[in-house]
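The exercises below ask you to read a protein model step by step, with a worked solution after each task. Keep the sequence and the coordinates at hand as you go.

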Amino acid sequence: MLKIEHLTKMFGGLAAVNDVSVVFEANKINAIIGPNGAGKSTFFNLVSGLHQPTSGRILLDGVDVTQMRCDKVAQLGVGRTFQTTNLFEQATVLDNLIVGHRLRTRSGLWDVLINSRRLQAEEKASRDKAREALDFVGLSHVENQYIADITQEERKRVAFALALATDPKLVLLDEPAAGVNPEETDGLAELMKKMVANGLTVCLIEHKMDMIMGMADKIMVLDHGEKIAEGTPAEIKSNPVVIEAYLGSDEDAAA
Amino acid sequence: MFKFGSFLMTPMAKYLMLAFALVFPLLAKNEYQVYVMASAFVWAIAVYGLNIITGFCGQLNLAHGGFFAIGAYTLGLLSSDYGWSFWPAFVAALVMTAGLGFLVGVVSLRLKEHYFAIFTLCVGFIIYLLMDKWEELTHGPIGVRDIAAPYGFGLVDFTNTVPFYYLVLAFLVFAIWFMGRLSRSLLGRTFIAIRNGDELAESLGINLMRNKILAFVLSTTYAGLAGALYAGMVRFIGPEEANINHTFDMITYLLVGGIGTITGPLLGTVGIVWITQSLQFLEEYRMIIFGPLLVLLVIFFPRGITGSFLGWMHHKRQQPQATAKRQASKATAATEVESNA
């Protein structure tokens, strides 16, 4: 699904991501963990095309997307969420989601001027897609509420729905469970499993070890921009390098 | 009050506003009032343009007044120096502002946020300097005289204030109509997504540059349209049309009326133009009243008249649902307490 070869990103003299190679398989939950500043978010920005790598290759289903612009990568089926998703606070949840399907539509200025049939059809399709995504994340009941009025956990789900409305194959979730309580974290974990059950590939960055260890098929550990380990949760838990570099004295809490 | 609020949300309110605008020349005490209203409408058209790039697309364009002046100068120079009649020169003014908007957009939109604002501030000033100093083309500080008035194809005489008022009203209605259609369309949603954040928009597969340029060109075309109408109305223009104060006036209209809304630019512009008129006897001191009013408005109604009203209406409507939800969550909280005990 996603194959990364010797990926490096330099910011000035600092290697935020240093020679990382990894393969994420389709239809799996892949997690990236590591201390703060380990280069996890930079890794996501490289994969999604927001930043261009200094060297290395990124292959999505065999297609080289290394130098591709972010919007092109999104069109190839990479959806993502951010640590904080800036949405239009004074608009309804549904209104915020409709644009998610924009990349699959073609209407331009002329269509708007004459209100063409294509525009009408595409707007309906986008609205349907938004409803479908909202239904998938279990938020159909807040469809008409303003973003400003929904809870933190609902915001996380809306961010998921927005990524899903783009019809992705691979979703990159940047700390999807940050700032929500343990019960809600379980709910979000269920949602990620549901995505995989529906044929998506999930790749997430997360600090909540309980959640990661319980659901990830594969974990990659980054530290100072370098991959220090990868494997199943069990392998990671018993890996001395990981314990040393990352889990340290928090080992008990993680286990 | 609630019912009145709901009424304002209906299409009927729009038609009433239009009807008022149509009969306004009959209600006006004198021709001067019609003239003031017509000029308010001209500015409103330009403010709608600013609303596209700044209100919807989130890019603060401080060259907007400059493009207004380019529209005015294109029409003015073509008609006075080159003998073009009004309507061809009018179309040329639109093409010119769209074309220059594209060129400036391609360069300036590579910058983000305040860098973009500062860059366009400079562009606006350069436009002013060109009009002031490039005397061979623009006549410099003397300005442009003898600008053609729109001809009415033998049907109406637009040199009279009242017919001109209706002409401007027609363009304003078109400008608002298109704005409304744009805002509800996928294209408008694309602009709003860009306002919410470049990175999020890009990761949704939106081509940032193409959409920002489109919004920018649309906005400069609106400014050019307003500028050309302005030149046809006052028929004498000077470099002061490109003064940065015009841009800040328009930003004020937009903020007061409600940035990113459909009726906001109209309410803000017409409202402030009339308040300014009625405070005219205070001359420069009117800012003593005006300034604090503006500060209070921005503190307490940051979303302007329309934005605040829409928010208030939305919460009115959601209230029954929200109360039900709160009760439900209280119930769950109670059961949690019980189960913990």
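**Exercise 1. Domains of chain A**

Into which domains is chain A divided? Work from the domain bounds to the contact between the domains.

*Solution.* The model is a predicted one, and every step below should be read with that in mind. In chain A, domain 1 covers 1–77 + 168–255, whereas domain 2 covers 87–166. Taken over C-alpha atoms, the centres of domain 1 and domain 2 of chain A are separated by 27 Å. To the contact between them, domain 1 of chain A gives 10 residues and domain 2 of chain A gives nine residues. On the side of domain 1 of chain A that touches domain 2 of chain A, the elements giving two or more residues are α2 (70–75) and α7 (182–197) of chain A. Of the elements on that side of domain 1 of chain A, α7(A) gives the most, with three residues.

**Exercise 2. The open sheet of chain A**

Determine the strand order of the open sheet of four strands in chain A, and identify what packs on that sheet.

*Solution.* Begin with the order, which is β2-β1-β4-β5 (chain A), with antiparallel pairing. The edge strands, each of which pairs on one side only, are β2 (14–24) and β5 (63–64) of chain A. Helix α1 (residues 40–48) of chain A packs on this sheet and touches β1, β2 and β4 of chain A, its direction making about 65 degrees with that of β2(A). Next, consider one pairing within the sheet: strand β1 (residues 2–11) of chain A and strand β4 (residues 55–60) of chain A run antiparallel and are joined by five bridges. Within the pairing with β4(A), Glu5(A) stands opposite Arg57(A).

**Exercise 3. Strand β8 of chain A**

How many of the residues of strand β8 (residues 201–205) of chain A are buried, and which strands pair with β8(A)?

*Solution.* First take burial: five of the five residues of β8(A) are buried, and the strand is mostly covered. As a general rule, side chains in a regular strand alternate between the two faces of the sheet. Sorting the residues of β8(A) by side gives Thr201(A), Cys203(A) and Ile205(A) on one and Val202(A) and Leu204(A) on the other, with all of them buried, so that both faces are covered.

Then take the pairing. Strand β3 (residues 29–33) of chain A pairs with β8(A) in the parallel sense over four bridges, and here Asn30(A) has Cys203(A) as its bridge partner. Strand β7 (residues 170–174) of chain A also runs parallel to β8(A), joined to it by five bridges, and Leu170(A) stands opposite Thr201(A).

**Exercise 4. A helix pair in chain B and the nonpolar core**

Establish how α3(B) and α11(B) are oriented relative to each other, and then relate the pair to the largest nonpolar core.

*Solution.* Helix α3(B) and helix α11 (residues 208–234) of chain B pack at an angle of about 170 degrees, and their axes are 8 Å apart. Because angles over 145 degrees count as roughly antiparallel, α3(B) is roughly antiparallel to α11(B). Residues making the contact include Val42(B), Ile45(B), Ala46(B) and Gly49(B) of α3(B) and Leu218(B), Tyr222(B) and Ala226(B) of α11(B). Leaving aside residues up to four places away in sequence, Tyr222(B) touches Ile45(B), Ala46(B), Tyr48(B), Gly49(B), Ile52(B) and Ala175(B).

Turning to the core, which holds 161 residues, the members that touch the most other members are Ala161(A), Val42(B), Ile45(B), Ala46(B), Tyr222(B) and Ala226(B). Helix α3 (residues 31–56) of chain B gives the largest share of this core, 16 residues. Domain 1 and domain 2 of chain A both give residues to this core, so the core lies between them.

**Exercise 5. Two residues with positive phi**

Are Asn27(A) and Arg235(B) buried or partly exposed? Give the backbone setting of each as well.

*Solution.* Asn27(A), found in the loop between β2 and β3 of chain A, has a positive phi of about 65 degrees although it is not a glycine. Asn27(A) has 15 C-beta neighbours inside 10 Å and therefore counts as partly exposed. Arg235(B), in the loop between α11 and α12 (244–257) of chain B, is likewise not a glycine and has a positive phi of about 60 degrees. With 17 other C-beta atoms within 10 Å, Arg235(B) is partly exposed.

Key: Residues numbered from 1 in each chain as written. Chains lettered and ligands numbered in written order. Predicted model: local features only at pLDDT ≥ 70, side-chain atom pairs only at ≥ 80, totals over all residues. Pairing = 2+ DSSP bridges. Contact = placed C-beta atoms within 7 Å. Axes fitted to C-alpha atoms, helices over the stretch in contact; angles between N-to-C directions. Core = buried A, V, L, I, M, F, W, Y, C linked by C-beta atoms within 7 Å. Buried ≥ 20, exposed ≤ 12 C-beta atoms within 10 Å, placed from the backbone. Domains from an automatic or database assignment. Parallel < 35°, antiparallel > 145°, perpendicular 65-115°, else oblique.
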